[in-house]
Amino acid sequence: MDVDYLIIGAGSAGCVLANRLSADPAKRVLLLEAGGPDRNPLIQVPLAFGLTAHSPSYSWNYRTAPDLGGRAFRWAKGKVLGGSSAINGLVYVRGHRLDYDGWAQLGCPGWSFEEVLPYFRRSEDWQGPPSEWRGQGGPLCVSPPFDLLPVDEAFMQACTEVGLPRNPDYNGVEQEGVSVFQMTARNGRRMSAARAFLRPALNRPNLRVVTGCTVTRIELSGGRAVGVRVRRGGEEQRFLARGEILLAAGAVASPQLLMLSGIGPGAHLREMGLPVLLDQPGVGSNLQDHYAVPVIARLDAVGTYNEQGRPWGLLKAAAAYAMQSRGMFSSAAAHVVVFANSRFGLASPDIQMHMLPGSSSVYDSGRLDGFPALTCAPCQLRPESRGDIHLAGPDPLTPPLIRPNYLAAAEDRHVTLASLRLTLSILAAPALLHLGAKPLGIDMRDSDEALLAFAEAQGNTVYHPVGTCRMGSDTDAVVDAQLRVRGIDGLRVVDASIMPRLVSGNTNAPTIMIAEKAADLIAGTFRAGVAKCA
Ligand SMILES: Cc1cc2nc3c(=O)[nH]c(=O)nc-3n(C[C@H](O)[C@H](O)[C@H](O)COP(=O)(O)OP(=O)(O)OC[C@H]3O[C@@H](n4cnc5c(N)ncnc54)[C@H](O)[C@@H]3O)c2cc1C
């Protein structure tokens, strides 16, 4: 099949591209996805991401190389229609306007906040109060959560008691303060990118979606990407593209596929026994991720998810979800978010906290603790540490070597320390003291060294890897501001890997925005001034 656009990966970005590009009936679009269909009803249940995120049926389940404290971290990554948006924690955060203004200043014209805001708005169907910042009528439903618990209120009250302002919309005019999280869901059901963007386009005759199809190499001819090799059901196949190939395999697989195709650091490719078609040292470098340190605070009996998670409570919660799509199972990964500054004089918050009215002492086990508790997980929003991704071997089915390099930079340790001290002061504020809040394994009087040791031992990924096919105008940038792979024709990268710098927040909404803008760039409909006509 000879198509105009061949998209690799049906994740957050790939689903948006498939929808927007196939809207032109004259263009033939092919979407190839390694994972399977998203038919399992558990994918629609928000809190069930605790089960799906590490299930080999829906996730790549990467494991990093030994990193901070000698630990190898589990990195979930979606492997199903919808990609990571089908297994993520559903929270919807755009980031700070200065993130995007910073991208523009780093040599990415067209990506300032004013220029990307229309794309955030275009994709969105915001269910909260109308605002000039928010979009309505778009494919991606974003809702305020409806079932908050009294302990959520107490946490927000405690934040105000330590001087943080209440913020009605952190995706609006201001980011700073304490807010209720917004989630990508409609009526208590997950809005993955597949549900929002792909499903409505599936019966277009010019769009073909192939699942269970792992792309193993992009084929180049005369400096141009012309097709791909895939493995499907144990067989090798080939697909050709007469137009463009759009790599949207995510921040781990996109650099991996470029390297497998001969585009990457020359010495490394030679070491792997691969041909060097374009020596590009930037491929796989510049890896950034958020590293959060969950602090569990035990509470007197106040009705947290830990109590609701006992057998009888679970039955009630399941019934509430089955009948009304409400209650515990309709919850995102966190209820309350804090954006705060580690010190005076910052232009934008550098700390984010995720607060959930429940806890699981065994990280990622999906098992709730047997006592009432909340978890507050702060992270440094704009890490300076940089990791990298390399091939572990020339076999395309071998997972790549991931080195996150968490907390390597002094600034990251400094901000992490400040974020832990702020967390402890919130937990000690009257509204939470009143509920008997007692942090476990960590104390206000601990030394900086002890707090950092806690961070090193307890912290974990927030699943936000970005930056490994960085956009920019310097020679090490992998793609230009139109997301074209520099030095290769007919090939673009469109996913979280192109972010030059990690945004100040969660990465699903920014990735969807990237694909919205890319679709306009690709279809040639981009016009200067589009920002004004959202
Ligand atoms: C467990 C978890 C929780 C998260 N929670 C949140 C959250 O609450 N809020 C938030 O904003 N963000 C969250 N994120 C991050 C967010 O979901 C991702 O940043 C975003 O989905 C990335 O989109 P993407 O298009 O770059 O990649 P993905 O959505 O990961 O899509 C890549 C797609 O490419 C496919 N693919 C890969 N290799 C190949 C190949 N060789 N051939 C064919 N197909 C291939 C994959 O199977 C996948 O479907 C979370 C992520 C995870 C994993």
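This tour visits aromatic side chains, and the charged groups that sit over some of them, in a predicted model.

The structure holds eleven aromatic pairs. Begin by selecting Tyr 100 and Trp 103, which form an edge-to-face pair with ring centres 5.0 Å apart and 70° between the planes. Display the backbone as well: both residues belong to helix α3 (residues 97–105), where they are three residues apart, about one turn of the helix. Tyr 100 has a relative accessible area of 0% and is buried. Trp 103 also counts as buried, at 1% relative accessibility.

Next, select Tyr 291 and Tyr 406, a tilted pair whose planes make an angle of 40° and whose centres lie 4.8 Å apart. This pair links distant parts of the chain, as its members are 115 residues apart. Tyr 291 is in strand β16 (residues 291–292), and Tyr 406 is in the loop between β22 (401–403) and α11 (410–427). With relative accessibility of 4%, Tyr 291 counts as buried, because the cut-off for that class is under 20%. Tyr 406, at 5%, is likewise buried.

Return now to Tyr 100 and Trp 103 and add Trp 111, Phe 113, Phe 120 and Trp 133 to the selection; ring pairs link these six residues into a cluster.

From the cluster, keep Trp 111 and add Lys 517. The charged end of Lys 517 sits over the ring of Trp 111, at 5.1 Å from its centre.

Finally, select Trp 126 together with Arg 134. Here Arg 134 lies over the face of Trp 126, 3.9 Å from the ring centre.

Notes
Residues numbered from 1 in each chain as written. Predicted model: local features only at pLDDT ≥ 70, side-chain atom pairs only at ≥ 80, totals over all residues. Heavy atoms only, no water. Phe/Tyr/Trp six-rings, centres within 6.5 Å; stacked < 30°, edge-to-face > 60°. Helix = DSSP H or I, 4+ residues; strand = E, 2+ residues; numbered from the N terminus. Buried < 20%, exposed > 50% of the residue type's maximum accessible area, 1.4 Å probe, protein only. Lys NZ or Arg CZ within 6 Å of the ring centre and 35° of its normal.
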